[in-house]
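This briefing is meant for a reader meeting the structure for the first time. Please keep the sequence and the 3D view open while reading.

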Amino acid sequence: MARANYIVRRIIQAGNNEGERMRIVKNIDRLSDLLCGVIDMAELIRHTHPERAWVDAANQAYDTLCEYMNHLNTNVDLARALDDFMASPSFKNLPMEAKQTAWIFKHDFDKSGVHLPIHQRQKFVELSSNIISLGRDFLQGLGAEKKPIMLFTKDCEGVPETPRLWQLYSVKRGLRSRVSVEPNSAEARRVLKHSTNEEARKKVYVSQNASSNEQIQVLEQLLRDRAELAVLVGRQSYGEMLLHDKMGKKPEHVHEFLGSLLEFSRPRALAALNDVKQAKKRSQGLSYLPEIYAWDREAYFPSKSLEPPIPLPRLTPGLALCAFSRLLKHIYGISCEPADVERGEVWHDDVRKVNIVDESEGIIGWIYLDLFYREGKAGGATHYTLRCSRRVDDDDAANDFLPSDHGRELTPDLEERLVIRSESHVTPGRDGSHQRPVAAISCDFDANSPRGMDWQDVVTLWHELGHAMHSMIGRTEYGNVAGTRCATDFVELPSILMEHFLTSPHVLSLFYLDTPPPLFSTLDLDHIPPTPTRSHYQAIEAHNHILLAMLDQHYHSTIALSPSFDSTRELEKVESAYGVLPHVEGTSWQTSFGHLFSYGASYYSYLFDRAIASRVWSRVFRGEEPGQGRGEGGPLSRENGERFKSGVLRFGGGKDPWEMVAGLLKEPMLREGDLNAMREVGRWGVDDVAKEYNDVNGLKQEESGAEEGRGWNKTWKRKQRRGGWEKRGRTIGRMLDGEGKNRVDFGAFCDEERGSHHVGGGGGYHGRIPVDGPGCALEEALARGEGSQSWIRETFDDVETVDPFDEQETLVVLGGLEALAKFDVGHIHICGGERGRDRRAWRWKRRKKKRLLELGI
C-alpha cells in the first residue's frame, strides 16, 4: 500500500506535464497490477492453504487491500486525472490497446459513483456495503435447513428396500407408520427417484424447492438495492449498468440472444420431453401421453453419465496433463514441463509446478496445480490468475519518487526486492520485455480412486487449463487486459473450446503415451462414431439454463424497483412464458439460484460463450467453413491453432471481442456487436458436444442411463447394446433384459496365470470348445442351447458389440440373456446362468472384420 501511494501521487500530480500525462494509463495499470498481485494471491491462499494462521493472514490482507481498492475507485482526483487526459488531443494518439484499457478504467470509476455529488457518493457507498452484506447472507442461505417432510407407507410404493436407509426400510416393511426426514436426505431423494406414487414425489419436490420468508426477503432486498444503485449512477436498471462494457452491451441485446437461443432450443427440448412422456406412459400402463412435471425428472429422466468417446488407458492427472501438453505442441508450439519448486514456494505437498515452454521463446509462464481434495480446502474447480503478463521494460518506476522522498517507507534496496524485474521473471521479445504470468488451478479430485480419474474430471481439468493458457499466451502492453482480464461474457470461450477438443478421436489418441492401439491405425478417425457424452434428454436441461438466464435478466430489470415486486410471482411468470415444464405451485427455488449474486445480470455469459465456442470448433478446428472440405487442417493443425492463438488469445481484453470473433470466424456482420450480432449468435445454439455426436456420419445416437447410472443405450444404425463395457480388464457392470427390467449383475476378471478371460454369469458350468473352422464352434455352442439357430434368432432380437472398432474385445447382448464374447485364441468359455436359462459366452479368433451379422440378425 505504501508503494501504491507513490504511484497514485504521480498520477494525480501529472498536471500539464505532457510526458507524465501520456503515462497516466500505464501508471494506473501498474497500480492495478501491484495491488491485484497481492489480492489474487491472498484469494488463493485463503481457499487452499491447510494452516489456519496462513488463512487468517490471507483474509486480513484480502480485506485490507479490497478496502484500499474501494478507496482508490472513489478517489475523485485520480478519476479526474484520467478524465482530463482522455479529453485531451494527446489521448487520440495512443495505440488502440491503450485506449481500450483507459476506457475500462473509466468505466470502473463511473460504476463506483466517483463523479456523483458528495451526498450521493455517500449513498452509493452505503448501498454497496448493503449489497455485499446481503450477498453474504444470500449465499449462506443456500445451505439452510428446510422443513422436514413426513413419509408414509404409501409414499414408498416402488422404492427399493435397503437396510442402509433404515427409516425408509422400516416404513416400507410396516415396522413404522411414518417417518420424518429432511427434504434433501438420501431417503427423500430415493422416494423422488423410485416412488410410483406421484403425490409422494410431488411432496418431496415441493419441500426441496420451498424457501423461507427470510430467504426471499434477503434476495428481494438485494435486487432492490442493486436497482437503486443503478439509478443512482444514471442507469435505468442494474442490468443496464452491468452490461455497459460487456459484449451484450444492453439488456435488450441479451434478450435478443436468449430469444434466438430459445427458438433453437425449444423444439429439441419438446422432442426430448415427448420421449419422457412415452417413458412415463409405458411405466404407468396408460393409454394416453401424460403430463410431465418437475418432480418427474429423477424418475423418468436418464442418468447423465459422462464417458470418453473412445476407449482410453487408465486416466490420471499426469496422463491428462501430458495429453494436454501434446495438444498444445501440435496447435501452438507450446509444451508443459514439470518444474522444481523451492523451499516454501508451494502451500502443500500435493501442489505441482509446471513450466509453460514456447518452442521459440522458452519459458513464458508457470502454472501451479493443486488438484486433490483435502479437508478445509475449498471445493470445486477454480482457476486463479496470480500474475498477468504485461510489458515491464518501460515502467519508469524510478520516477515514482521525488528527490525529497529520502525518508520513504521503501528503501532502494527493499524496492529492488519487492518489485520483480529479474530476468528469470521476464520474457524478452521484439515488442519489449513482458512479465511472465503465473496461474494456479485448484480442484477436488479423489487422489485414492482405484480406477483413476472419471471422464468428467478430465473435462473439468482441461476446461481450467484452457483458462490458464489464456493467461499464459496473452501478450499485451497492459496487465489489466491480459489473458482472462477480459469481458465476463467472453472469458469462457477458450476454456469451453478445450472441452470440444476432448470430443475428437484425433486428440484422444494423444492419451496413449506409447503406440496407440490398433484401432487408431486401422480406422479413419474422422469417421468413428464416438460414445455420446451427454444425455439426449439434456436438451431439456440446456433449455432450463436458458430459463435461468431469462430469470436473471428479469430480476435485474426495472421490475425490481416496483413497490409490489414479488420474486416468486415473477418466477412463475418466467417459467410460464419460457419453460417446457409447468411451474409448481408452492415452490420458490429462486433462493437456491446462487449465481444471482455472483453472476447477477450476466448468467447468460456461459451460454453465450458456449455458442461461440461451438462455432469456433466447427469452423476453425473441424474445417467446416463455407467452401472448405470437412477435415481440412483438423483439430491438431498448427495453422488452425495459430489462427486462434494470434487472433484471440494474444489480445486478452485489449481488443474488442466482437472484432476478434468476427475476424476469426470470417463473419463481418458480427463486428458491430449490435442487436443483429446477438441474434445471430443465438441462432448457432449451444448443443455443442451433444451435437458433435449426432453429426458424425449422420448416425442417430441415443443415451439413456440404467439404474444407478451404470448402463446406457446407444444406437448405431440397426445395432443396439445394453449394459456396461469392459475397461482395463476388470468390470463390475449392470445389465438389463430386453425390456429394461430384471437387472442382472455380472463380473469379469482376468486370469493372468492362464492368460485367458473368464466371465462369471452367476454360477453354472464352464467348458471349452476348440475352434477348428469358420462357424464350427459357434454352431456347436448354439446347438448346446435350448433350440436351433432359428429359435435363437427369433428369441434374441438384439445383437451388438461394446465397441465395434475394438478388434480384441466385444460384448454381445442377446435380448433377455447376456453373453460375453471375447475374440481370443482357439477356445470358447460357456458360462452357466440363472433363472433356469443358460448364459453363453463365446470366444474365438477374429480373423476378418465380421460382426455377428453372420447370424442373420
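Is aspartate 400 buried or exposed? In this predicted model, aspartate 400 is buried, because its relative accessible area is 2% and a residue counts as buried under 20%. The points below begin with the salt bridge that aspartate 400 makes with arginine 30, and they then turn to other salt bridges and to a pair of packed helices.

**Aspartate 400 and arginine 30**

- The side chains of aspartate 400 and arginine 30 come together in a salt bridge, with a distance of 2.5 Å from N to O.
- This pair links distant parts of the chain, since aspartate 400 sits in the loop between β6 (382-387) and α16 (412-418), while arginine 30 belongs to helix α3 (residues 24-48), 370 residues apart.
- Arginine 30 also counts as buried, because its relative accessibility is 6% and the cut-off for buried is under 20%.
- Both residues take part in a network of salt bridges that links Arg3, Arg10, Glu20, Arg23, Arg30, Asp396 and Asp400.

**Other salt bridges**

- Across the whole structure, a search finds 46 salt bridges.
- One salt bridge joins aspartate 296 to lysine 280, where the closest N and O atoms are 2.9 Å apart.
- Aspartate 296 is in the loop between α13 (251-284) and α14 (297-300), and lysine 280 is in helix α13, so that the pair links distant parts of the chain, 16 residues apart.
- Aspartate 296 and lysine 280 are both buried.
- Another salt bridge is formed by aspartate 358 and lysine 645, whose closest N and O atoms lie 3.7 Å apart.
- Because aspartate 358 lies in strand β4 (residues 352-358) and lysine 645 in helix α25 (residues 638-649), this pair ties together parts that are 287 residues apart in sequence.
- Aspartate 358 counts as buried at 9% relative accessibility, and lysine 645 is buried with a relative accessible area of 14%.

**Packing of α3 against α4**

- Helix α3, which holds arginine 30, packs with helix α4 (residues 52-73) at an angle of about 150°, and the two axes are 8 Å apart.
- The crossing of these helices, α3 and α4, is left-handed.
- Residues of α3 that make the contact include Leu31, Leu35, Val38, Ile39 and Ile45, and those of α4 include Trp54, Val55, Tyr62, Leu65 and Met69.
- The residues in the contact of α3 with α4 comprise 17 nonpolar, one polar and two charged.

Key. Residues numbered from 1 in each chain as written. Predicted model: local features only at pLDDT ≥ 70, side-chain atom pairs only at ≥ 80, totals over all residues. Heavy atoms only, no water. Salt bridge = Lys/Arg side-chain N within 4 Å of Asp/Glu carboxyl O. Helix = DSSP H or I, 4+ residues; strand = E, 2+ residues; numbered from the N terminus. Buried < 20%, exposed > 50% of the residue type's maximum accessible area, 1.4 Å probe, protein only. Axes fitted to C-alpha atoms, helices over the stretch in contact; angles between N-to-C directions. Left-handed = near helix turned anticlockwise from the far one by under 90°. Contact = heavy atoms within 4.5 Å. Nonpolar A, V, L, I, M, F, W, Y, C, P; charged D, E, K, R; others polar.
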